[in-house]
Amino acid sequence: MQLIPCPWCGPREEAEFHYGGQAHVAYPEDPAALTDEQWAQYVFFRENPSGPFAERWSHHAGCRRWFNAVRDTRTHDLLAVYRVGEPMPEVTA
Amino acid sequence: MTFRTPTGGSIDRNTLLHFTFNGRPYTGHPGDTLASALLAHGVHQIGSSVKLGRPRGIVAAGSEDPTSLVQVEAPFSEPMLLATTVELYDGLVARGLAGQGRLSPEPDPARYDAKHEHCDVLVVGAGPAGLVAALTAARSGARVVLVDEQNQAGGALLGVDEYLDDRPSAEWVADVVAELKSTPGVLVLERTTAFGMYQDGFVLALQKRTDHLGFAAPASVARQRVWRIRTRQTVLATGAHERPVAFADNDRPGIMLASSARTFLHRYGVLPGSRAVVFTTDDSAYCAAIDLAESGVDIALVTDARPEPPARLAAECAARGIEVRAGHVVAGTDGDRRVTGARIAPLAATSPDLTVDCDTVLVSGGWNPVVSLFSQARGKLRYDAELGAFVPGEELPTVRVAGSATGELDLGACARQGRDAGAQAAAAAGFTPGGQVPLPVSDSRCTARSGLVLWRVPGDDDASFVDLQRDSTVADVLRATGAGLRSLEHVKRYTTIGTAHDQGKTSGMIAAGIVAEELGVELAEQRPTTFRPPFTSVSFAALAGRDRGELHDPVRVTSIHPWHVAHGALFEDVGQWKRPWYYPRDGEDLHTAVLRECKATRESVGMMDGSTLGKIDVQGRDAGKFLDMLYTNMMSTLKVGRIRYGVMCGVDGMVIDDGTVIRVGEERYLVTTTTGNAAKILDWMEEWLQTEWPHLDVHCTSVTEHWATIPLVGPRSRDVLAAVAPSLDVSNEAFEFMTWREAEVAGVPARVCRISFSGELAYEINVTAWHGIAVWEALMAAGEKYGITPYGTETMHVLRAEKGYPIIGQETDATVTPQDLGMSWAVSKKKPDFIGKRSFARAENNRTDRKQLVGLLPVDPAVLLPEGSQIVETDRLPEPPVRMLGHVTSSYPSAALGRTFALALVRSGHERIGETLYVPVEDSLVPVTVTESVLYDKEGARRDG
C-alpha cells in the first residue's frame, strides 16, 4: 500500500485516493472552434509514457481536494506533488 | 514405545494434554506441537500425497514443512494446517489430509480483527540476529516492533543446545526479550508472521492470538489479528531453511531434515526414531547426528557426499562409534508407511552398494536463506554458488537483511550483522545510537561451512520428489525442460512446483538447480521465481477481520425504513441503500403485488419512499453559470420557486445522469441525482470546480440524508395533501406543475415539489429526515379513505416505463446520448457551450443508425420479454454472424395497458416505429412491434389531476 503525499494533508494511504488521468489537459477555450479531430484529441487521447508522468489525483476519502503529481510509471515513485494551478516542478527520474 | 527423552526440551512435562489424531487418542505436553506430540508416540505418517496417494510424514519442524497437512476438527473445523505449527492443546481433534482439506460448512464463531501500528524500525525474526538488531534499535530510542512466528523468541537457538556466554542460550534470549519488553516504545509480537511486504514500509503480519488455547480460548479475544504495520526502516532477520536433496523414494515417512530432527530433540525432547542414517552435503548435519547419538539414537551411518568429510566433526563421530562414509549418498530407500532402509551408493555410481536398515533418514543439502520478504520488497536476489541458494543481492534504502537470511551461517557473525543492521536502521530513521549491545559468544561445535551443492542423486527420477506436496518429481522437471521451457517461472507453472501451501520453501531452489543443470546454464544467469505474499497461509477469515456479515459493506437505510420493515416490505439493494422493492399482501408474489400497487396508484393514490434520491445543495454567486455548463439545458434562467428536469453528459456527449433542479434562491439550487449516482455526480462537480473552473464561486454539499422525500402519486394525491397541509393552496392554478412551495405538512415544515415520475398528478414532499416517519404515517392516515397504497421500486419502474422515462444505467450505458433517448428537447440550442455539446456535432453522434430508445409491444400481449434480450430483424435466424439491432432494457407487465411491454435500444429505432422485429427467447423468435417510448397517456392529460 503506497503512501501518496497529499499536498494538503501529507502522506496518506493510496486507498484514500482516486486517480484522475493525465494532468494539464485543459478544457478547450472554445470547443466550437475546434475541428472534430482536435476535439477528439481532447476527449479521447492521452499520453502513456514510460517514465515521469504528470497526472491528476483526488484525495477522495480525505480532504477531497484534487492535486497534481508526477509519477514514474516504471516504479510508481511519486517524484513530486503540487497543487492545482501550480506549474509542474522539474523532476529527475 | 515412547520417543520422548527423559529430560530436556521446553515442554511442561508435569502437565498431560489429551488429543485425538486420525481417531486415536494420544497424549502430549504444553509446549508440544501436534507434530512433536505425534513423533513422541512414534507416529510419522500424517497423511498421504495429493495425486499419488503415497504415505507422507513430517519433513521439517516449522512452517517450511511441505507435508504434514492436517485438518483440525475441534474445537472448530479448519483445513490445511501444518502439524508442525499447530500448538498442542487439550481436546485437540485432528486428522491427516491427502493434500486437500474441507472448509467448515458452519460459520466460524471466532472473532478476527486488524490493528494498525506505526514504528521506526520493524524487525522480522527473533533469532540471534533479529534480537540484537531490535535491542540495538531500541536502545537508540526508536519505536521498535519485533515480530516472530514462533511462540517464543530464539529462532534457530530453540533447536540447539548451544551455550551463549557460558550459559544456556535460552537465558541470553530471555534477557534480551526482557529488556525489549521493558523499553518504552517497543512492541514484541510472538506467534506473529510477517507475511507480506509492500511499498513505503507497509508490512502485513498475522498474529495467532488464541489458536493455541483451543477450547480455553476466550470468546472475547480475537482469535487472529492482522497487523498493518507502517515502518520507516525494516530489518529482515528471517533466517534460513534447511534444503533437502532429491533422491529416489525420498518422500517416505521417517525421512526428515537433519536440523529439524535436532529441533525436535532440543525443543520438544523428542527423538525422530531408533536408528538413523544421515545423508549430508555440509557440516551442520553432523551436529544433529552427534546430538541424537548422545540422546540414544543409533546413528547407523553418516554419508557425506563430499570427498573429504570435515576432520574434526568426523573425529567426533568416530569417538562415538559413528561410521562416516565420504563420497557417498543415499540413493534410495525401502519401506512403505515408514522408511525401513537406506540404499547407500557412491556419489558417482549408478547402483547402491549397500542397504542399511533404519527407521529414520536425516537429510541435509545445505541452507536456503529466507529471502521472501526481501524479494517482495523488490530487492534483487543474487545466486551464491558456494551456498547453492539465492541471497539478497543489493541494499535497499529502507530494508536491511541480517543473520542467516544473508547466507551467513556463523552465529557470532549473524549477531554482528544484526547489531549493524539495527544501528543503521535506527540511524536512518533519525536516532542516535544508545548503549552497544554485546555480541553473544557461542560454544557450538559446528563451525559453519558451506558444503557441496547437490540438487539430486541419480536414480529413479519418477520417485525422486522435488515438491512433496504437489507430488512433482525430478522427472516432471525434466519433462518441462524437455518440452523446451527455459525460464524458472515457466517450469514452476508447468510442474506446479512451489505452488502448494508452502510456496516452495524447500523445493523451489532444488527445482531451479535441476533446471540449470539440465539446460547447462549458470543459475547466476537465471531469474528466480517471484516471491509473492503471503509467506505462510492466511485464512480469509483473518483478512476479512470484522468486515463480515452486516459489517461487510455499509448498509444505508432511510428514516422511514422501520415502517417498511414493520409493513412487510421486501427490499432491493440499490448501491448501499436498502429500498422497499414491493409490499406483498397475503400470498402475493412480485407480479401480483406490483400490478396491484400500479393500479392503485394510477386510479387513486400511492406513495413511496424516495429519500435515497441523491441531493446536492449547490450554492454561490456562480451556481447558475456552473449548472449551465453541467446540464445540457439552461438552469441559470430558472426562476426561484420553479423546477426543471435536466440531463448531464460527459465530454463525449453521453448521458451520465438526470434529475430535477430546484431553484431555492438567487444563489442556491438543489440538484437531485439518481440514487446510485449521488456520490459520482458530487465528485464530477468537484472535479470541474477544482480543476477547470476554480474561479467560480460555487460550493457543493451532499444533503441526501438530510431530507426524507416522499412522492405522493395519483389522481387523489391532491386530496390527501390538502388534508394534511391545510395552509397550502393545492389547486392547479396556485401550485403549478414543476414548481415548489414551502408549507406545513402534518405540522412539519416541508418543501413540496410538483414533479412526477409516473405521469400522474404527484407531489414530492420533502421534510427533514427526523420527521420522515411521522409525515409518512400522517399521509397514510389521510389517504386511508382513498385506499392509499405504499409502493416500492418495482412499481416505480413500471409506472415510469409506461411513460417512457429512462432510468440512467438501465436504459443507458456509456454510449447513449440525450438525442438517442428522444430528449433533444432537453438539450439547449441557446447556450454557447456545456459539457458534451461539442461532441453532439461529431459525425459518430449523428449517424442515423445509432441505437435509440423505443417501446416494444410483443405481438402476443401475454409474452414478457426477458430484459437484456437481443433484437433481430428477421423471423428466422440467418447463419451467424447474426446482425443484432439492439437489446431490451426494461420489460414489465402493465396494469394500465392490460398487457406486457418493453423499452429497448434499437438501431435507427426512431425510424422503425411501426415495424415488426424479433426477439430470440430461448428457442423461439418472439415478434414485437416497435412503438414510441411513451406508451401511456401520450398527451400528458393526467399530469394535473
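# A guided tour of chains A and B

Start in chain B and select its parallel open sheet, where 5 strands line up in the order S17-S24-S18-S19-S20. Two strands pair if DSSP finds at least two bridges between them, and the elements are DSSP runs numbered from the N terminus, with helices (H or I) of at least four residues and strands (E) of at least two. At the edges you will find strand S17 (255-257) and strand S20 (324-326) of chain B, each pairing on one side only. From one strand to the next, the twist averages 20°; angles run from 0 to 180 degrees between N-to-C directions, with axes being lines fitted to C-alpha atoms, for helices over the stretch in contact.

A word on the model before you go on: it is predicted, so to speak of local features takes pLDDT of at least 70 and side-chain atom pairs count only at pLDDT 80 or more, while totals for chains, interfaces and linings use all residues. Residues are numbered from 1 along each chain as its sequence is written, chains are lettered from A and ligands numbered from 1 in the order in which they are written, and side-chain values use heavy atoms, leaving out hydrogens and water.

Next, zoom in on strand S18 (residues 275-280) and strand S19 (residues 298-304) of chain B, a parallel pair joined over 6 bridges. Ala276(B) stands opposite Ile299(B) of S19(B). Now add helix H4 (residues 258-268) of chain B, which packs on the sheet and touches S17 and strand S24 (360-364) of chain B; contact means heavy atoms within 4.5 Å. The direction of H4(B) makes about 85° with that of S17(B). Helix H5 (residues 284-294) of chain B also packs on the sheet, touching S18, S19, S20 and S24 of chain B, and its direction makes about 170° with that of S19(B).

Ile299(B) is worth keeping selected: with Phe19(B), Phe21(B), Leu34(B) and Phe264(B), it is listed as having the most contacts inside the largest nonpolar core, a set of 48 residues. Such a core consists of buried Ala, Val, Leu, Ile, Met, Phe, Trp, Tyr and Cys residues joined through side-chain atoms within 4.5 Å. Buried here means under 20% relative accessible area (1.4 Å probe, protein chains only). Then colour a second, separate core of 43 residues, which includes Cys119(B), Met197(B), Ala246(B) and Ala511(B).

Move along chain B to another open sheet, this one of 6 strands with antiparallel pairing, in the order S45-S46-S47-S44-S49-S48. Its edge strands are S45 (870-871) and S48 (916-921) of chain B. S45(B) pairs with strand S46 (residues 886-894) of chain B over 2 bridges, and Gln870(B) has His887(B) as its bridge partner there. Lying across S46 and strand S47 (899-907) of chain B is helix H19 (residues 793-802), which runs at about 110° to S46(B).

Finally, select chain A, whose elements run β-β-β-α-β-β-β from the N terminus on. Its C-alpha atoms fill a box of roughly 40 × 30 × 20 Å along the principal axes, and 37% of its 93 residues count as buried. Show the side chains of helix H1 (residues 36-44) of chain A: Trp39(A), Ala40(A), Tyr42(A) and Val43(A) are buried. These residues are on the same side of H1(A) because they cover an arc of only 160° around the axis, taken from the directions from the helix axis to the C-beta atoms. To see what they pack against, display helix H16 (678-691) and helix H20 (837-840) of chain B.

Methods
Buried < 20%, exposed > 50% of the residue type's maximum accessible area, 1.4 Å probe, protein only.
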